[in-house]
There are 2 protein chains.
Amino acid sequence: MRARLRAEMTDEIKAIARRHLATEGANLSLRAVARDLGVVSSAIYRYFPSRDELLTALIIDAYDALGGAVEAAEGAVDRADLTGRFLAVCHAVRDWALANPHEYALIYGSPVPGYAAPTGTVTSALRSVTVLGGIIEDASVAGVLRDDAQLPADAAEDVARVGSIVAPSAPLGPLSRALGSWLQLFGFVSFELFGQFRNAVDVPGPLFAQQMRAQAAYIGLPTA
Amino acid sequence: MRARLRAEMTDEIKAIARRHLATEGANLSLRAVARDLGVVSSAIYRYFPSRDELLTALIIDAYDALGGAVEAAEGAVDRADLTGRFLAVCHAVRDWALANPHEYALIYGSPVPGYAAPTGTVTSALRSVTVLGGIIEDASVAGVLRDDAQLPADAAEDVARVGSIVAPSAPLGPLSRALGSWLQLFGFVSFELFGQFRNAVDVPGPLFAQQMRAQAAYIGLPTA
DNA sequence: CCGCTGTCAAGAGCAGTGCTCTCGGTATGC
DNA sequence: GCATACCGAGAGCACTGCTCTTGACAGCGG
């Protein structure tokens, strides 16, 4: 009963903090959210031991929101349409990032203090990449991926470790290319959101669609 | 004469600010650098009208440092070794980022306030990507790039605009793949520096080398 | 040589920040 | 019914970016 009030309070704090994040940026002010909540600043500390803990909670929420969006978008595509599922993942990431730019910056931008992100975030952070792994895994068991890997041993070790988490039975060649696509996807979104395309790419949407389609083909997913 | 003293003073401020940036992070304190400089905080304002202006100066310096490092590394490779030049660029970016993580975060992380980066930064920001463009351009005039482009018109427009700046005579297909490699390169470095590889990639070096070699081949650069 | 002008650092001060501590009040559990 | 635990309010500390005023010094024209 008292616990429910407490949960509502923390949710309300996080909601206001998220709103402040959206309007101002990463420099979140505890006193400002307390003011908006009609409460004195020290009261916030009953619910979050420090500003960094609040940010960590927002980070976990952001990872979960992104993961949920990716899962929903990918889940709506016919399971047999591997390329469609891949493209759904890519566009879900970008769409969510464009809709929540500051939350994206919170999780994929420069880490704010020294290193906030504790271990509690990793499970939520894995959700979206797990979806991609599932696609590669499904493509692997469907036998549509050609294994043309000739990776050096040290690099193969890294790829294999990633694969063991998200796509255990996928061959290393396509897995390595999928990893590259993942990096390119977030490189694109980060460049777009952080203003690196200034004076170079005006309307990034079509370019993004083309790049991701090319990546699907490069990985070896069947051209739908 | 008085101007030279002034230049030395601004250089010293920037040097101390850079040192603070390296030890603490992005939240640079004007009062702290003033303290280290043995001067009162308001004196800094004689040289930089605001903290954001100081950050902007550091950003421009960082872009120039990265650009210089890339130019030097690429210039040391035999001009005919196109793949070697490409790999030199990739590794120069990563090496510089690993050596100056906070300055990398300053220019390729989330923009600190609303939007600091003014127009003065773009010329410095273009230096590194121009080097890559030169490689693609050289490969194009050498006739080693196969033009297998079938880009949709809207995406082709974006690619062509980028190409007109850095590699005017390159065909759109390889240019589009080179753009993707550029995004993947910075996606990799950002993931590595910002802790996104946690529990997944322990020793990113070999993986990076393999990914960039694969990209060189994918673009169509001759396998040395 | 005097005096004017422009530049500089110092210091005080304002509004804001994260965070700690104490002090009453209230609800929960025994 | 009472002890315990929690809660919000408020004061306070050390810090921040930034502004303003004050006094000192250098260079130049007369």
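Which residue has an N or O atom in its side chain 2.9 Å from a phosphate oxygen of DNA strand D? In this predicted model, that residue is B:Ser29, whose side chain supplies the N or O atom in question. The elements giving two or more residues to the surface near DNA strand D are α1 (2-23) and α3 (41-44) of chain A, together with α2 (30-36) and α3 (41-44) of chain B. The largest share of that surface comes from α2(B), which provides three residues.

The surroundings of DNA strand D can be described further. A total of 19 residues surround this strand, and the closest are A:Arg46, B:Leu30, B:Arg31, B:Arg35 and B:Arg51. A:Arg46 also takes part in a base contact, with an N or O atom of its side chain 2.4 Å from a base oxygen of DNA strand D. Chain A reaches the phosphate as well: a polar backbone atom of A:Val40 is 2.8 Å from a phosphate oxygen of the strand. Of the atoms of DNA strand D within 4 Å of the protein, 44% belong to sugar or phosphate, while the rest belong to bases. Sorted by class, the residues of this surface comprise eight nonpolar, five polar and six charged.

Attention now turns to DNA strand C. Here 21 residues surround the strand, with A:Leu30, A:Arg31, A:Arg35, A:Arg51 and B:Arg46 the closest. Sugar and phosphate make up 48% of the atoms of DNA strand C that come within 4 Å of the protein. At least two residues of the surface near this strand are supplied by each of α2 (30-37) and α3 of chain A and α1 (2-23) and α3 of chain B. Among the contributors, α2(A) gives the most, with three residues. The surface near DNA strand C contains nine nonpolar, five polar and seven charged residues.

Individual contacts to DNA strand C involve both backbone and side-chain atoms of the protein. A backbone N or O atom of A:Leu28 lies 3.1 Å from a phosphate oxygen of the strand. From chain B, a polar backbone atom of B:Val40 is 2.8 Å from a phosphate oxygen of DNA strand C. A base oxygen of the strand, in turn, lies 3.3 Å from a polar side-chain atom of B:Arg31.

The two protein chains also meet each other. In this interface, 49 residues of chain B are in contact with 50 residues of chain A. About 4100 Å² is buried between the chains, and 57% of this area is on carbon and sulfur atoms. On the chain B side, B:Asp158, B:Leu183 and B:Tyr218 lose the most area to chain A, together accounting for 14% of what that side buries.

As for the fold of chain A, its secondary structure consists of ten helices and zero strands. Taken along the principal axes, the C-alpha atoms of chain A fill a box of roughly 60 × 45 × 35 Å.

Two packed helices are described by the angle between their axes and the distance between the axes. Within chain A, helix α8 (residues 153-166) and helix α9 (residues 172-193) pack at an angle of about 80 degrees, and their axes are 10 Å apart. This angle makes α8(A) roughly perpendicular to α9(A). The contact between them brings A:Ala156, A:Val159, A:Ala160 and A:Gly163 of α8(A) together with A:Leu172, A:Leu175 and A:Ser176 of α9(A). Five of the residues in this contact are nonpolar, two are polar and none is charged.

A second helix pair is found in chain B, where the axes of α5 (residues 82-99) and α6 (residues 101-108) come within 5 Å and cross at roughly 115 degrees. With this crossing angle, α5(B) is roughly perpendicular to α6(B). On the α5(B) side, the contact involves B:Trp96, B:Ala97, B:Leu98 and B:Ala99, which meet B:Pro101, B:Glu103, B:Tyr104 and B:Ile107 of α6(B). The residues of this contact divide into seven nonpolar, no polar and one charged.

Notes
Residues numbered from 1 in each chain as written. Chains lettered and ligands numbered in written order. Predicted model: local features only at pLDDT ≥ 70, side-chain atom pairs only at ≥ 80, totals over all residues. Heavy atoms only, no water. Axes fitted to C-alpha atoms, helices over the stretch in contact; angles between N-to-C directions. Helix = DSSP H or I, 4+ residues; strand = E, 2+ residues; numbered from the N terminus. Parallel < 35°, antiparallel > 145°, perpendicular 65-115°, else oblique. Contact = heavy atoms within 4.5 Å. Nonpolar A, V, L, I, M, F, W, Y, C, P; charged D, E, K, R; others polar. Near = heavy atom within 4 Å. Polar contact = N/O pair within 3.5 Å; in protein donor to acceptor, adjacent residues only side chain to side chain. Buried area = accessible area lost by both parts, 1.4 Å probe.
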